[in-house]
Amino acid sequence: MTIRVLIADDQMMVREGFSVLLNAMPDIEVVGEAVNGREAVAKVRELAPDVVLMDIRMPELNGIEATREIVAADGTAKVLVLTTFDLDEYVYQALRAGASGFLLKDASARQLADGVRIVASGEALLAPSVTRRLITEFSKLSETPRLMPSAQAAYGDLTDRETEVLVLIAQGLSNGEIAERLVVAESTIKTHVSRILVKLGLRDRTQAAVFAYEARLVTPG
């Protein structure tokens with residue numbers, strides 16, 4: 001099945017370059033482009049893409065606010081943030097707003113295509129080491145962490161084992177590593193992760209990691 005992509009970036013060269021790279025892939029089609037966040041939100045409604053490549057810094061409406069609006073209004077489009085620096089201070093805010101991961105703008109054609117595929121499949125595009133680093137670095141920016149409203153009421157519904165798994169997700173462990181740590185089958189961990197996301201109303205394990213910090217289940221450092 002072809003993955004439909006919308007590219008939102010105020011730089012024409014970036015949009016055109018990514019379009020050429022992605023359209024060369026047999027399973028990916030660029031269905032539209034947007035030059036600012038406001039247009040990106042409108043194009044998502046019009047074109048119903050599977051993945052939005054979202055630049056963080058754009059005029060009229062920045063990528064963080066655009067991501068928040070897209071996630072709130074559409075339950076299917078996944079947002080993949082584009083950034084120049086891997087420790088961009090806005091990346092954490094974008095992830096908290098609902099982005100499923102991030103890519104550097106100098107990513108190779110293969111990394112770009114793989115990133116789109118990963119996010120389209122419902123996974124989070126953050127390697128464990130990156131998850132740890134992002135949560136550690138950017139959680140420090142918030143002096144008064146707050147639980148995401150959609151998850152706050154459901155926090156008490158987690159079982160002890162689900163809470164344990166949530167903490168390990170926030171520490172950057174993969175399903176396989178969590179299964180090894182808890183001495184259970186990986187399929188069991190996948191079930192726990194699915195239940196955690198459903199109970200807390202979260203989109204993916206990246207959101208779960210952010211939630212765990214904001215619930216003070218884990219602390220940075």
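Is T191 buried, exposed or partly exposed? Here is a short tour of this predicted model, with that residue taken up in the first point.

1. **T191.** This residue belongs to helix α10, which covers residues 186-200. Its relative accessibility is 34%. Buried would require under 20% and exposed over 50%, so T191 counts as partly exposed. You may also like to find E162: it lies 29 residues from T191 along the chain, yet their C-alpha atoms are separated by 9.8 Å.

2. **The core around α10.** Helix α10 is also a good place to start on the packing. Together with α8 (160-170), α9 (175-182) and α11 (205-214), α10 supplies residues to the largest nonpolar core, each of these helices giving at least two. That core has 26 residues. Those with the most contacts inside it are V165, L166, I178, I189 and L200.

3. **V165 in detail.** To see this packing up close, pick V165. Setting aside neighbours within four places in sequence, V165 is in contact with I178, L182, I189, H192, V193 and I196.

4. **A second core.** Please look at the other core too. A separate set of 25 residues makes up this second core, and A8, L47, M58 and A77 are among them.

5. **Helix α1, its length.** Next, turn to α1, which runs over residues 12-23. How far apart should its ends be? At 1.5 Å a residue, the twelve residues of α1 should span 16 Å, and the end C-alpha atoms are indeed 16 Å apart, so the two values agree.

6. **Helix α1, its two sides.** V14, R15, F18, S19 and L22 are the buried residues of α1. Seen down the helix axis, the buried residues fall within an arc of 125°, so they line one face of α1. The spacing fits a general rule: an α-helix has 3.6 residues a turn, so residues three or four places apart point the same way. On the other side of α1, M13 and V20 are exposed.

7. **What α1 packs against.** The buried residues of α1 pack against four strands, β1 (3-8), β2 (28-34), β3 (51-55) and β4 (78-83), and against helix α5 (109-120).

8. **D55 in β3.** One of those strands, β3, holds D55, a residue worth a closer look. D55 has a relative accessible area of 5%; since buried means under 20%, D55 is buried. Its side chain is joined to that of K105 by a polar contact of 3.3 Å. Not counting residues up to four places away in sequence, D55 touches A8, D9, D10, G63, L82 and K105. A8 is also one of the residues in the second core.

Key:
Residues numbered from 1 in each chain as written. Predicted model: local features only at pLDDT ≥ 70, side-chain atom pairs only at ≥ 80, totals over all residues. Heavy atoms only, no water. Expected span 1.5 Å × (residues − 1). Buried < 20%, exposed > 50% of the residue type's maximum accessible area, 1.4 Å probe, protein only. Arc of directions from axis to C-beta. Contact = heavy atoms within 4.5 Å. Polar contact = N/O pair within 3.5 Å; in protein donor to acceptor, adjacent residues only side chain to side chain. Core = buried A, V, L, I, M, F, W, Y, C linked by side-chain atoms within 4.5 Å.
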